[in-house]
Amino acid sequence: MIVFDGVSFSYGSRRVLRDVHLSVGFHERVAVLGGSGEGKTTILRLILGLIKPDEGRILIEGDDITAKREEELRDVRMKFSIVFQEGALFDSLDVKENVAYCLREYTSMSEEEIDSRVREILGSVGVEQAIHLMPEELSGGMHRRVSIARSLALGTPKMFLYDEPTTGLDPVNADNICRLIADLSKDGRGFIMVTHKVSDALKVADRFIFLKDGSLLFDGDSRGLLHTDAPEIRMFIEEIGHQGQGC
Amino acid sequence: MDIKALLSDLQNFYTLAYRGLLGIVRRPFYFKDAMIQMDYAGAGSLVIVFIVDLFVGMALSLQLSAELSSLGMKMYIGMIVGISVVRELGPVVTALVFTGRVGAGMASELGSMVLGHQVDTIRVFGFDPVKKLVVPRIVSSLIMLPALTVIGVAVSLLGGYYIAVFVSHQSGTFYWSSIRNILTMENVLAGAIKPFIFGYLISSICCYMGLSTKGGAVGLRQSTTMAVVMSIVMIIISDFLLTRVLLYVLGFSV
Ligand SMILES: Nc1ncnc2c1ncn2[C@@H]1O[C@H](COP(=O)(O)OP(=O)(O)OP(=O)(O)O)[C@@H](O)[C@H]1O
Ligand SMILES: [Mg+2]
C-alpha cells in the first residue's frame with residue numbers, strides 16, 4: 001500500500017503538488033493522467049524517495065519513507081520496478097550490460113550465468129536479438145522493452161512503475177508495450193502507469209487519477225472518467241478521437 | 001541569484017567535493033568505472049595536449065629569443081623557457097586544455113544523465129551516484145592531469161628547443177644543460193603540486209555542475225558553460241595563490 005498523506009512538493013518556487021491525499025494498493029492497476037508538467041513524474045520520484053515532500057508524509061506498507069536516509073531507502077526501492085520516461089538506459093553500456101548492471105553488483109553469478117539470465121529476461125520481453133546493440137541503435141519500442149527487462153533483472157518487484165511507457169511510439173509498438181504491461185501484471189501485481197495518452201491508459205488500467213494544478217481532479221474508474229463533466233478531462237478524452245485508436 | 005541560493009549552492013558543492021575525495025579511500029570502489037574515465041581523460045587527451053603545449057613552448061621561445069637577442073643574452077633562453085614552462089605554463093596550459101576537453105565532457109555527460117533519469121536509475125538500483133559517478137572522475141583527473149602535465153612540459157621544452165636551435169641558432173647542448181640546471185627540487189615541486197590541485201578542482205566543479213543540471217537542453221548548456229567558466233577562473237586564481245604559497249614555502253625570494 002502506498003499512501004500520500006497531505007503531500008506538497010515544489011521545485012524551488014514552482015509548486016508542483018499541493019496537499020495530495022492518495023492511497024494505492026500494490027495490486028491496483030492505476031493510470032496517472034495529466035498534461036505536460038503537471039507533476040506526474042514527480043509523483044513517481046516521491047514514491048521512490050528520490051525527492052522528499054516539503055509537507056506531508058509518504059507511507060509504503062505503513063513505513064514512513066519521508067524521514068529515511070538514502071541507505072535505508074534501498075529496501076523500499078527494491079519493492080518496485082521502475083521504467084523511467086524515455087527508458088533511461090545507460091547509453092555508455094550495451095543492452096547486455098544495462099540488464100546485467102544490478103546482477104554484477106548484487107549477485108555472485110559467473111559470466112555464463114549472467115549471460116543466460118540476461119538472455120532469459122530479454123527473451124521474456126521479446127528483444128533477445130538486441131543483446132549486443134548499444135541503446136542508440138535501438139528503436140523506440142525496443143528501448144522501452146530493454147528498460148522493462150532491466151527493471152526486472154533483480155528478483156520480483158511487488159509493483160511496477162511506468163513513466164510514459166508508450167509516449168513517442170507508433171500505435172503498433174505502443175499497443176505491444178501495453179500488452180507487455182498487462183502481461184506482467186497478470187499474476188495480480190499492480191502498476192502505476194504515468195501517461196498523457198488516455199487511450200493507452202484505458203487499455204490497461206482500471207483506476208484513473210487525473211492531475212491538474214497540483215491536485216487530484218479525478219480519481220475513479222473508466223466509466224467515471226469517460227462520463228465526467230470536468231472540461232479539462234473532457235479535452236483530454238476527446239484527444240482519443242483525434243489520435244485514432246492508439247493502443 | 002539571491003545570496004541564500006548562492007550559499008546553499010556553495011555548501012552543496014563543498015559537500016560533493018569532500019565526499020568525492022573521501023570516496024577515494026572508502027568502500028565501495030568501482031575500479032572499472034575509474035579505468036574507463038582514465039582512458040577517456042588520459043589517452044584521449046594526449047594528442048591535444050601534445051599540440052597545444054608544443055606550440056606554447058615554441059611561441060614562448062620565439063618571443064624570448066627576439067627580446068633576449070636585442071639585449072645580447074640569447075644564451076639565457078633555455079633557462080627562462082625552462083623555468084616558465086616547468087613552474088607555470090606547463091601546468092596551467094595543460095589544465096586549461098583538460099578543462100575544455102575532459103571537464104566539459106564530464107559536465108555535459110552527467111547533465112544529460114540527470115535529465116534522462118539515468119542518475120535516478122542509479123539511485124533506485126541502490127548505488128550512490130557520488131561513488132559511482134563522481135569518485136571515478138576525480139580519481140581519473142588526479143592521476144591523469146599530472147601525467148598529462150609531465151608530458152605537456154616535456155613537449156613544451158621540445159618546442160622551445162626547436163626554436164632555440166633552428167631559428168635562434170643557439171647550441172642545443174647548452175639549451176638542454178640550462179634546462180637540466182633549472183630542474184632543481186624546488187622548481188620541480190613548484191610545478192608538480194599544481195596539477196593535483198587543478199585536477200581536483202576541475203573534476204569536482206564539473207561533476208557538481210553536471211549533477212545540478214535542470215531544465216532540458218537550455219539547462220544543459222548553462223551547466224556545461226558554467227562548469228567550464230568556473231573551472232577556468234578557479235584554475236587561474238588558484239594558480240596565483242598556489243604560486244604565492246609555494247614560492248614562500250620552497251624558500252624563493254621574490
Ligand atoms: N529538477 C527540477 N528542477 C526544477 N523544476 C523541475 C525539475 N523537474 C521537474 N521540474 C518542473 O516541475 C514540474 C513537474 O514536473 P514533472 O516532471 O513531474 O512533470 P510531468 O507531469 O512528468 O511532465 P511531462 O509530461 O513533461 O513528463 C514541471 O513544470 C517541471 O518543469
Ligand atoms: Mg514526466
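A nonpolar core is a set of buried Ala, Val, Leu, Ile, Met, Phe, Trp, Tyr and Cys residues joined through side-chain atoms within 4.5 Å. In this predicted model, the largest such core holds 81 residues. Those with the most contacts inside it are Ile2(A), Phe4(A), Ile47(A), Ile60(A), Phe80(A) and Ile192(A). Leaving out residues up to four places away in sequence, Ile192(A) touches a list of residues including Ile2(A), Val24(A), Leu44(A), Ile47(A), Met159(A) and Tyr162(A). Apart from the largest core lies another, of 45 residues, among them Val83(A), Val125(A), Leu225(A) and Ile233(A).

Next come the enclosed spaces. There are three cavities of 30 Å³ or more. The largest has a volume of about 150 Å³, and the residues closest to its centre, out of 16 that line it, are Met78(A), Phe80(A), Ser151(A), Leu154(A) and Phe125(B). H3(A) gives the most to this lining, with four residues. By class, the lining has 11 nonpolar, three polar and two charged residues.

The second largest cavity contains about 40 Å³ of space. Ile2(A), Phe4(A), Ile47(A) and Ile192(A) are among the residues that line this cavity; these four are also among the core residues with the most contacts. Its lining has 10 nonpolar, no polar and no charged residues.

An open space remains to be described. The second largest pocket has a volume of about 620 Å³. Of its 27 lining residues, Leu93(A), Tyr101(A), Asp33(B), Ile36(B) and Lys132(B) are the closest to its centre. H2(B) gives the most to the lining, with six residues. The lining of this pocket divides into 14 nonpolar, four polar and nine charged residues.

Key. Residues numbered from 1 in each chain as written. Chains lettered and ligands numbered in written order. Predicted model: local features only at pLDDT ≥ 70, side-chain atom pairs only at ≥ 80, totals over all residues. Heavy atoms only, no water. 1 Å grid on protein atoms, 1.4 Å probe; cavity = no way out; pocket = protein on both sides within 12 Å on 5 of 7 lines; lining within 4 Å. Points joined across faces, edges and corners; volume = space filled by probe spheres on them. Helix = DSSP H or I, 4+ residues; strand = E, 2+ residues; numbered from the N terminus. Nonpolar A, V, L, I, M, F, W, Y, C, P; charged D, E, K, R; others polar. Buried < 20%, exposed > 50% of the residue type's maximum accessible area, 1.4 Å probe, protein only. Contact = heavy atoms within 4.5 Å.
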